[in-house]
Amino acid sequence: MCTASNGSERVSGTALKPLKLEPVDRLRLTVLVDNYGDVFMPSQKPAVRSHLLSPAPDPVMVGGTTLVPLVAEHGFSALIEVESGKKRRRLLFDTGVSPRGLVHNLNLLDIDPREIDAIVLSHGHFDHTGGIVGLVERYGSCNLPLLVHPHAFRNRRLQTGHGVIDLPTPSRRYFEQSGFEVSENSSPSFILDSSVLVTGEIERTTNFETGFAGQEAEIGGSWLPDPLVLDDQALVIAVKNVGLAVVTGCGHAGIINTCQYARYLTGEREIAVAAGGFHLSSVKDPVALTEVMDAFEDLDPKYLMPGHCTGLNATFAMMKRFGNRVVPSAVGTTLSLG
Ligand SMILES: [Fe+2]
């Protein structure tokens, strides 16, 4: 049985004045699920890489045993740990795509999910929600708050050049039957004693971040364009004397929009890190990519930690522009601030 914990405190309406986000002494972000894995990847400040291998039965090998690393898969999940004084709190941000990936990596990293205080879903796409079933099957009913934007439960499909792909829809009923305290909220809200801000719906202010082309949602019995993915929400944590950590799942709102909104909500300018999926993988236009890089230049984050759907092109462009301020994400990477 998972441990019960506190709920979230809703902050109603759009922020007219900065929200009082409680700064933390330390933040640790551990990537639990990501598209990329590399057991030889060197550690790079302020992140440490895991090189774990676990023995597993394999009849191919003499002796019947092989070594299994952390698994990478198309999806995202991160453990967020915040510390203030002697108090440490943990939340799970997204859960990856497969039923087994998240649980395998939690086991290998020796992280006990029963110590998690809450789950926040960045949005409803299956590559961020599919791993919950593994947690439930392994640990039983989870009496945990689960924060999500209401649009996450929309039926969706994707129009592609090769036809229509029906996107799996997360089931609110499954979450409730599994014991989660589902909290739907489109506005900013606090969690973990006001030390983590969940943005809710993110304001779109740039003209070059246009959402997820081709996505449609079933609304009132009709399929309508739904490219904005308004359920896309991020986490914002203020680390004392360091700045804001902005963590995205897929970044459908646009990573620049998201960082700007984090600044707007908190009134804090300094961005210590932007981490997670930046959803630039499908951007083919080099001019569009340059606009994002130029905007990063203006935001001036200390570090960038691109992962999941950021894509190789965009990650290389960032590394070229920002050098070792870019810490590419990979499963088992732990970034520490404060
Ligand atoms: Fe994604």
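**Exercise 1. A central strand**

Leu-158 stands opposite Gln-215 in S15. This is a predicted model, and you can follow each step below on it. Your task: find which residue stands opposite Leu-158 in S11, and work out which strands stand at the edges of the sheet.

*Solution.*
- Step 1. Begin with the S15 side: strand S10 is joined to strand S15 (residues 215–219) by 3 bridges, and the two run antiparallel.
- Step 2. Now turn to S11. Strand S10 (residues 156–160) pairs with S11 over 5 bridges, again in the antiparallel sense, and here the residue opposite Leu-158 is Ile-165.
- Step 3. Look at the connection: S10 is joined to S11 by a hairpin through 2 residues.
- Step 4. Write out the sheet. Its 4 strands come in the order S11-S10-S15-S16, and the sheet is open, with antiparallel pairing. Strand S11 (163–167) and strand S16 (222–225) each have a single partner strand, so they stand at the edges, and one side of each lacks a neighbour in the sheet.
- Step 5. Add the twist, which averages 35 degrees from one strand to the next.

**Exercise 2. A proline in a strand**

Decide whether Pro-55 counts as buried or exposed, and list what Pro-55 is in contact with beyond its neighbours within four places in sequence.

*Solution.*
- Step 1. Locate Pro-55: it lies in strand S4 (residues 53–57).
- Step 2. Count neighbours. Pro-55 has 9 C-beta neighbours inside 10 Å and therefore counts as exposed; the cut-off for exposed is 12 or fewer.
- Step 3. Once neighbours within four places in sequence are set aside, the contacts of Pro-55 are Thr-65 and Leu-67.
- Step 4. For one more distance, take Pro-69: this residue is 14 residues from Pro-55 in sequence, and their C-alpha atoms are 9.1 Å apart.

**Exercise 3. The core and helix H5**

Find which helix gives the most to the largest nonpolar core, then check the length of H5 against the expected span.

*Solution.*
- Step 1. The largest nonpolar core has 84 residues, and Leu-91, Leu-235 and Ala-245 touch the most other members. The helix that gives the most to this core is H5 (residues 255–266), with 6 residues.
- Step 2. Take Leu-91 as a sample. Leaving aside neighbours within four places in sequence, its contacts include Ile-80, Ile-116, Val-120 and Leu-192.
- Step 3. Check the length. With 12 residues at 1.5 Å a residue, H5 should span 16 Å; the end C-alpha atoms are 17 Å apart, which agrees.
- Step 4. Ask how covered H5 is: 10 of its 12 residues are buried, among them Ile-255, Tyr-261 and Leu-265. The cover includes strand S14 (196–198), strand S17 (235–239), strand S18 (243–248), strand S19 (271–277) and H6.
- Step 5. Step past the end of H5 to Gly-267, where phi is positive, near 75 degrees.

**Exercise 4. The two faces of H7**

Work out why the buried residues of H7 lie on the same side, and say which exposed residues the face turned away carries.

*Solution.*
- Step 1. List the buried residues of helix H7 (residues 312–322): Ala-314, Thr-315, Ala-317 and Met-318.
- Step 2. Use the arc. These residues cover only 160 degrees around the axis, so they fall on the same side of H7.
- Step 3. Turn the helix over: the face away from the buried side carries Phe-316 and Lys-320, both exposed.
- Step 4. Identify the cover. Helix H6 (286–299) and strand S20 (303–307) are among the elements covering the buried residues of H7.
- Step 5. Finish just after H7, where Gly-323 takes a positive phi of about 55 degrees.

How values were computed
Residues numbered from 1 in each chain as written. Predicted model: local features only at pLDDT ≥ 70, side-chain atom pairs only at ≥ 80, totals over all residues. Pairing = 2+ DSSP bridges. Axes fitted to C-alpha atoms, helices over the stretch in contact; angles between N-to-C directions. Buried ≥ 20, exposed ≤ 12 C-beta atoms within 10 Å, placed from the backbone. Arc of directions from axis to C-beta. Contact = placed C-beta atoms within 7 Å. Core = buried A, V, L, I, M, F, W, Y, C linked by C-beta atoms within 7 Å. Expected span 1.5 Å × (residues − 1).
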